[in-house]
Amino acid sequence: MAAASTARPRPKVIVTRRLPQAVETRMAELFDVTLNLTDEPFSQDQLAAAAANCDVLVGTVTDRIDAAVFAAARAAGRLKLLANFGVGVDHIDLAAARGADVVVTNTPGVLTDDTADMVMALILSVPRRLAEGEKLVRAGEWRGWSPTGMLGHRITGKRLGIIGMGRIGRAVATRARGFGLTVHYHNRHRLPAEVEGALEATWWDNLDAMLARVDIITINCPHTPDTHHLIGAKQFALMQRQAYLINAARGEIVDENALCEALAAGRIAGAGLDVFENEPAIDPRLLELPGVVLVPHMGSATFEGRQAMGEKVIANIRVWADGHRPPDQVLEGWA
Ligand code: DGY
């Protein structure tokens, strides 16, 4: 008589975008996986259909995983895990996920350094007019060195105001100190004294007060209902005219219309943006304004980082499939 098999069935996994090759290959070994070989983002109908037809959905920031998607999942009664490829979860309706008994995981920690590097790249690029200089050279319009050519502003000695002092904010602070910036920060909770001391960081309980005092502002907090349009017309009016705004967190934290108006009016000196309010659409005024450096949401875009994100997704699925709480479960206190 044949021995009864104790092997668990492989979970049915649907992935909404192309992932690094090694990650896809490993997923195919481990799971009954459907990959998205075209890399075309799913429509809302496709997301709902996927959520109804798998145990695990691997989504990412380009998917709007809303209440309707979770309603479809709930009706089908199959989806148990949403393993997000990325750290931000503002594109996921977490309350609807909980209502549908779907566990949500993300990929924290592995993109901290890459994102902080991108923030520093923007901090250096905007005051030093890197993009303008590059365009000048490529256009064949550079006439050689001159004592008054391409002047920008010095980084060393300026005050940096960090909004959000989580992993990425702290990694930015560490780097910024190496460039001679003084570190100021606004965070819901003050950092422990030893962390604050090591970074020589000054905590501002009041965001508006900090905005009025710093030269460069970098946004490194998550996008939540509380931080939506945290920076708008009122905040731009408080900033110094020579201030620069850097955003590599989420576009929706800044009122993009108010930003364009502030830049056009010379209310602030410039902006470095990796993220936009209506990605991939960009307010056309941003393309024309001087003092603006724009990059396409590439803070975590390193081979190493994306591979590590994929490994975290796989680990979360495997631990969940083994009947344990996945390591990167979003929201505390879930069953
Ligand atoms: C994230 O992880 O949330 C990034 O924005 C995409 O890498």
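**Reading helix packing, a pocket and two backbone oddities**

User: Within what distance do the axes of helix α1 and helix α13 come, and at what angle do they cross?

Analyst: Two packed helices are described by the angle between their axes and the distance between the axes. Here, α1 (residues 21-30) and α13 (residues 303-321) have axes that come within 9 Å and cross at roughly 15°. That makes α1 and α13 roughly parallel to each other (angles under 35 degrees). Helices (H or I, at least four residues) and strands (E, at least two) are DSSP runs numbered from the N terminus; axes are fitted to C-alpha atoms over the stretch in contact, with angles from 0 to 180 degrees between N-to-C directions. Bear in mind that this is a predicted model, where local features need pLDDT of at least 70, side-chain atom pairs need 80 or more, and totals for chains, interfaces and linings use all residues. Numbering starts from 1 along each chain as its sequence is written, and side-chain values use heavy atoms, without hydrogens or water.

User: Which residues of α1 and α13 meet?

Analyst: From α1, look at A22, V23, R26, M27 and L30; they meet Q307, G310, V313, I314, I317 and R318 of α13 (heavy atoms within 4.5 Å). That contact splits into 7 nonpolar, 2 polar and 2 charged residues (Ala, Val, Leu, Ile, Met, Phe, Trp, Tyr, Cys and Pro are nonpolar, Asp, Glu, Lys and Arg charged, the others polar).

User: At what angle do α2 and α3 pack?

Analyst: Try reading it off the model: α2 (residues 44-52) and α3 (residues 67-76) pack at about 30°, axes 7 Å apart. So α2 and α3 are also roughly parallel to each other. On the α2 side the contact uses Q44, L47, A48, A51 and A52, and on the α3 side V69, A72, A73 and A76. There we have 8 nonpolar residues, 1 polar and no charged.

User: How many residues line the second largest pocket?

Analyst: Rolling a probe the size of a water molecule over the atoms shows where empty space is left. A pocket is an open set of points on a 1 Å grid where a 1.4 Å probe fits, with protein on both sides within 12 Å along at least five of seven lines, and lining residues have an atom within 4 Å of a point. This one has 16 lining residues, with A131, E132, K135, L289 and V292 nearest its centre. α6 (130-138) gives the most, with 4 residues. The lining has 11 nonpolar, 2 polar and 3 charged residues.

User: Where do P280 and D39 lie?

Analyst: P280 is in the loop between β11 (270-273) and α12, joined to E279 by a cis peptide bond with omega of about 0°. D39 is in the loop between β2 (32-34) and α2, and has a positive phi of about 65° although it is not a glycine.

Notes
Angles under 35 degrees count as roughly parallel, over 145 as roughly antiparallel, 65 to 115 as roughly perpendicular and the rest as oblique.
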